[in-house]
Amino acid sequence: MFKEETISLFRTIPTPFYYYDMELLAATLSECSKEAEKYGYLLHYALKANSNPEILAMISSTGYGADCVSGNEIKAALTNGFNPGRIMFSGVGKSDDEITLALQLRIQSINVESRQEMEVINALAGAMGLTADISLRIIPNVDARTHRYITTGLEENKFGILPWDFDEVLEKLKTLGNLRLKGLHFHIGSQITDLDVFKSLCHRVNDINGWFMTNQVFPEIINVGGGLGIDYRDPDRNGIPDFSSYFRIFSDFIELQGNQQLHFEPGRALVGQCGSLITKVLFVKKGISTRFAIVDAGMNDLIRPALYQSYHRIENLTSGEKPEKYDVVGPICESSDCFGKAVTLPLTNRGDLLAIRSVGAYGQTMASRYNLRDLAKAFYSSPTRS
Ligand SMILES: *Cc1c(COP(=O)(O)O)cnc(C)c1O
């Protein structure tokens, strides 16, 4: 929901652009920290959801660590105030340069996804005369019940180490003198709205953690990843995810041993609702069954509908006339360049401004220059920013 003065401001900014509600972001961050603190859980923000500098600065200053999936994300985390000792590095394909960077910076943990990667990190750390702190990313085989492209915790997925390889992994660890095992890492997918999925994750983590204990391995950190979903249908009613129920599930079902710490890596849940893509209607044209509202934002600015068939709420900010149905489409030469089909909007005309809601996560970070379009800029609700 946008105030009249915000809409007036939007009329003065060249479209399309991302608009970030920094007050909502601040409120979301503090709610999440407050709920996590009740149980002493630690939070690392997953930068790939949104690595916009203003957003990173706010998140780091609120006391979050960082979960990075590339060397450039590690650099962005550092530049924007995250402490290297609270940076985790995940990813199924880390290059030697990226691993070297992580080692040089002595980040908190490199999350290792294969036996071969263990050998490579061991060799690189040895050459630098260091011991690398690592966690094992494990495939817990828990179905996230989300879109298959954002499911990462099943046996057929490319991420992590399979339980039947644990024996060999432990044998290998004994021979690799430049590695120190700090933790176990799990991340089963994204946009998870069925909290029972996290209950299943807890049970699997307990089993796996128990297996390591019986084998005389005591990981300090149990990292259960991110994945908490947001309400794309009703962003105004559910602007802040239900962090209270989320953390309570873990507190009820996870069995930590000794002084093991529980870590989380939320991405979408923190930043998803604070962003909107503001776009202008270029043309309205009648198709066979619906009208097309052709807007100046494209799938290069927001690829989620094309990539995951995802729903985003769309609002017309400048018309209040009687509703009609529209297919809201972008200018890109692809039929998948469609933000919503048969969307009910007030009578829409050339020049109207539309808001595509809940684009704070995996919106701007997935932008491309396809069709040689310019990258859309970002604007922030805080009056000191532009
Ligand atoms: C993407 C990712 C996350 C964040 O996922 P969200 O669904 O955005 O919370 C956390 N951890 C890892 C390892 C990831 O790759």
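Reader: How much area do domain 1 and domain 2 bury between them?
Author: About 2,100 Å², with 55% of that on carbon and sulfur atoms. Keep in mind that this is a predicted model.

Reader: Okay, and which three residues of domain 1 supply the most of its buried area?
Author: Gln273, Tyr362 and Tyr380 do, with 35% of the area that domain 1 buries against domain 2.

Reader: Back up a sec, where do the domains run?
Author: Domain 1 comes in two pieces, 4–16 and 273–380, while domain 2 covers 22–271. Their centres, taken over C-alpha atoms, are 33 Å apart. In the contact you'll find 20 residues from domain 1 and 24 residues from domain 2.

Reader: How many salt bridges go across that interface?
Author: One, by the rule used here. Look for Arg357 and Asp236: their closest N and O atoms sit 3.0 Å apart.

Reader: And how many residue pairs are in polar contact between the two domains?
Author: There are 13, counting pairs with both residues at pLDDT 80 or more.

Reader: Which helix and strand show up on the domain 1 side?
Author: Helix H11 (304–308) and strand E16 (377–380) each give at least two residues to the side touching domain 2. H11 has the largest share, three residues.

Reader: What's the mix of nonpolar, polar and charged there?
Author: On that side of domain 1 it's eight nonpolar, eight polar and four charged.

Reader: Switching to the ligand: which residues come nearest?
Author: Lys48, Ser190, Glu265, Arg268 and Tyr362, out of 15 residues around the ligand. Tyr362 should ring a bell, since it was also one of the three residues supplying that 35% of domain 1's buried area.

Reader: What does Tyr362 do at the ligand, in terms of polar atoms?
Author: A polar side-chain atom of Tyr362 is 2.5 Å from a ligand oxygen. Lys48 also places a polar side-chain atom by a ligand oxygen, at 2.7 Å.

Reader: And Gly267, which part of it lies 2.9 Å from the ligand oxygen?
Author: That one is a backbone N or O atom.

Reader: Last topic: how many salt bridges in the whole structure?
Author: The search finds 21. One you can look up is Glu31 with Lys34, where the closest N and O atoms are 3.3 Å apart.

Reader: How far apart are Glu31 and Lys34 along helix H2?
Author: They're three residues apart in H2 (residues 22–37), so about one helical turn separates them. As a general point, side chains of opposite charge can pair when their charged atoms come close.

Definitions and conventions. Residues numbered from 1 in each chain as written. Predicted model: local features only at pLDDT ≥ 70, side-chain atom pairs only at ≥ 80, totals over all residues. Heavy atoms only, no water. Domains from an automatic or database assignment. Contact = heavy atoms within 4.5 Å. Buried area = accessible area lost by both parts, 1.4 Å probe. Salt bridge = Lys/Arg side-chain N within 4 Å of Asp/Glu carboxyl O. Polar contact = N/O pair within 3.5 Å; in protein donor to acceptor, adjacent residues only side chain to side chain. Helix = DSSP H or I, 4+ residues; strand = E, 2+ residues; numbered from the N terminus. Nonpolar A, V, L, I, M, F, W, Y, C, P; charged D, E, K, R; others polar. Near = heavy atom within 4 Å.
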